[in-house]
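Colleague: I should be grateful for a close look at a single part of this model. Please take one helix, and then set it in the context of its chain.

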Amino acid sequence: MDTLLTGRVWVVGDSVTTDAMYPAFAMKLPVPEAARHIFYELRPGWTEQVGPGDIVVAGRNFGLGSSRPVAALFRELGVAALVAEEFNSLFLRNAINHGLPALTVPGATAAFADGDTARLDFAEGWIENTATGTRLPGGALPPMVLEILAAGGILPKLAREGYIAPPTTGPHRS
Amino acid sequence: MGMTMIERILARKAGLAQVSAGQTVVCEVDMTVMIDLQFATAWTPPLRINDPDKVAVVMDHAVPAPSVHDAAGGTRARAFARDFGIARFYDVGRHGICHQVIAENGLARPGEILACTDSHTCAAGAYNTAARGLGPAEIYSILCTGSTWFQVAPTVRYEFTGTRPAAVSGKDVFLHIAGVYGDATNQNLEYGGPGLASIPMSDRRTIATQGAEISADFSTFPADELCRDFIERHSPGGAPFTAADPDPDAVYAAVRTVDLDTLVPQVARPGTVSRNSFPVTEIERRKVDQCFIGSCANGQLEDLAVAAAIVRGRTVAPGVRLLVTPASQQVYRDALRAGYLQDLADAGAVVTNSTCGACFGYHMGLLAPGEVCLTSSTRNFTGRMGSPDAEIYMASPATVAASALTGYVTDPRTELN
């Protein structure tokens with residue numbers, strides 16, 4: 001698995017809740033439409049600006065709140081990784097289980113501004129601002145977690161292990 | 001080195017003699033609870049599951065179905081329960097908010113691990129269960145394999161002393177803790193101490209439930225006499241369990257004492273409970289448009305009893321909507337029989353079906369821009385209950401009921417006399 005990523009950065013603040021990323025009204029929508037409402041109130045219009053390979057850098061207590069799978073929406077938009085000074089553990093697990101790397105890096109928001117380019121390695125546990133050269137250490141993910149990411153998430157892993165029929169048209173989306 | 005309550009359970013279920021903070025462990029899960037939303041948006045039936053006796057399915061978040069989208073999820077949930085022989089299927093009519101259903105049916109047992117698709121699963125920590133919310137994909141994985149991994153977080157212990165005053169509920173105890181100590185991200189919370197005997201099981205569940213709002217992993221209480229009585233009442237003749245007590249030399253990130261004698265009713269201001277909760281006496285005189293009593297945290301029979309006692313023979317203030325959602329169909333029936341629902345409806349409250357609906361702003365009781373809500377539910381995040389331009393204050397059922405009568409945030413002690 002390639003654990004080195006480079007991407008354009010978007011910075012958000014502390015305690016961004018799941019209600020701010022996957023509001024209740026979006027839970028009634030198919031995933032591609034629901035994804036258009038991430039940060040609907042915090043950063044209106046953001047989902048038009050974000051692109052494939054981008055990296056979201058957040059502050060402390062990122063993803064406080066519900067079990068709703070926000071990571072599926074980030075993946076729908078092509079976001080390549082989440083970085084936060086601190087993750088809510090349920091939110092972090094959701095990211096991993098949806099095949100979205102999530103790296104904890106204290107001090108990350110001070111090292112980046114919107115539009116900067118970041119390089120990171122989520123197995124080695126570091127992130128670098130390519131323009132300033134600032135390199136910060138992060139919490140490397142344990143091997144068990146890297147295995148889930150290597151499989152592309154928990155559902156592909158289960159398909160590989162024979163618990164789900166191999167996807168032909170993808171999981172049911174209503 | 002001694003273990004905390006949660007470390008003891010995780011060690012036992014991982015088959016290890018010892019675990020400590022920082023370790024990653026794989027544990028067997030004793031009970032996996034799936035909710036209706038799991039079937040509504042992305043669902044593929046598995047080819048095989050681990051054990052149908054270790055699974056329950058609860059219809060709660062969107063019932064009776066408010067949309068075709070949710071109705072179709074119900075169809076898939078019923079097919080799943082039928083095809084895989086899930087006996088513990090709580091369909092509409094014997095449904096309720098999953099954490100109440102878990103409690104009523106003895107699904108959470110001391111010393112065991114319970115996983116569920118809802119983030120307030122930490123509620124079952126009131127019964128000495130290592131319980132936490134996990135995403136739908138991970139619950140699906142446990143359904144298939146019977147196990148999952150945990151990173152053992154450091155534990156903070158709250159030691160209760162003194163005696164809980166009558167006008168102070170579990171909600172007030174929790175809001176006090178959240179207001180003073182703030183977030184507990186990536187920490188476990190453990191409760192105990194001599195004052196615990198004055199905190200009834202319903203209040204313990206409120207406190208355990210709301211660990212989610214301060215971002216904690218697990219919240220657990222000891223299996224004391226009150227807890228054992230509760231378990232015996234709700235699963236008479238159930239299999240014996242092995243409760244988990246902390247070791248005397250357990251290692252904690254912090255031990256904090258809460259003197260219950262000194263507590264007063266609390267109110268959280270809009271946005272968060274964390275370092276944003278205050279004694280009701282310090283809260284501004286704020287006109288409220290909607291008052292809500294319900295949710296997994298505070299739709300229990302005891303909560304409805306307190307609210308009914310306050311509003312009995314009185315009338316909700318003009319311009320105020322009081323919504324009451326019993327936490328389960330069983331609570332609804334018990335509250336109906338006890339006359340609580342009559343008292344509430346007579347006072348002008350709208351008593352709704354048991355569902356998560358209003359708490360998460362999904363299909364009823366939504367707030368308009370500019371409105372102010374006082375809620376006893378779980379979250380006061382921006383946009384949680386409708387418009388992001390509405391304000392959500394949070395307090396106990398007693399404070400919400402008293403405020404519904406006056407039309408502004410009110411100290412319940414003035415209305416209890």
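Modeller: The model is a predicted one, and the part chosen is helix H5 of chain A, residues 89–97. Of its 9 residues, 9 are buried, so the helix is largely enclosed by the rest of the structure. Buried here means a relative accessible area under 20%. The buried set comprises A:Ser89, A:Leu90, A:Phe91, A:Leu92, A:Arg93, A:Asn94, A:Ala95, A:Ile96 and A:Asn97. In an α-helix there are 3.6 residues a turn, so residues three or four places apart point the same way.

The two ends of the helix may be taken in turn. At the start of H5(A), A:Asn88 places a side-chain oxygen within 2.9 Å of the backbone nitrogen of A:Leu90. Just after H5(A), A:Gly99 adopts a positive phi of about 75°.

A positive phi also occurs elsewhere in chain A, at A:Asn61, where the value is about 55° although the residue is not a glycine. A:Asn61 sits in the loop that runs between strand E2 (55–58) and helix H4 (70–76) of chain A. With a relative accessible area of 1%, A:Asn61 is buried, because that value is under 20%.

The wider setting is chain A itself, which contains 8 helices and 7 strands. Of its 174 residues, 57% are buried. For 174 residues, a compact globule would have a radius of gyration near 16 Å, and the 16 Å of chain A agrees with this. The C-alpha trace of the chain spans about 45 × 35 × 25 Å along its principal axes. Among contacts between residues at least 6 apart in the sequence of chain A, 65% join residues at least 24 apart.

As for the surface, chain A exposes about 6,600 Å², and carbon and sulfur atoms supply 54% of this area. Chain A carries 13 positive and 17 negative charges, and the mean positions of the two groups are 5 Å apart.

Chain B offers a further instance of positive phi outside glycine: B:Asn128, with phi near 65°. B:Asn128 belongs to the loop between strand E5 (113–116) and strand E6 (130–133) of chain B. Its relative accessibility is 0%, so B:Asn128 counts as buried.

To return to the part requested, H5(A) is a helix whose residues A:Ser89 to A:Asn97 are buried, with a side-chain oxygen of A:Asn88 at its start and the positive phi of A:Gly99 just after it.

Definitions and conventions. Residues are numbered from 1 along each chain as its sequence is written. Chains are lettered from A and ligands numbered from 1 in the order in which they are written. This is a predicted model: local features need pLDDT of at least 70, side-chain atom pairs count only at pLDDT 80 or more; totals for chains, interfaces and linings use all residues. Side-chain values use heavy atoms; hydrogens and water are left out. Buried means under 20% relative accessible area, exposed over 50%, partly exposed in between (1.4 Å probe, protein chains only). Helices (H or I, at least four residues) and strands (E, at least two) are DSSP runs, numbered from the N terminus. A polar contact is a pair of N or O atoms within 3.5 Å; within protein, one must be able to donate a hydrogen and the other to accept it, and residues adjacent in sequence count only if both atoms are side-chain atoms. The radius of gyration is taken over C-alpha atoms; the globule rule is 2.2 Å times the number of residues to the power 0.38. Contact means heavy atoms within 4.5 Å. Accessible areas come from the Shrake-Rupley method with a 1.4 Å probe; for residues, only the protein chains shown count as cover. Lys and Arg count as positive and Asp and Glu as negative; His and the chain ends are not counted. The place of a charge is taken as NZ of Lys, CZ of Arg, CG of Asp or CD of Glu.
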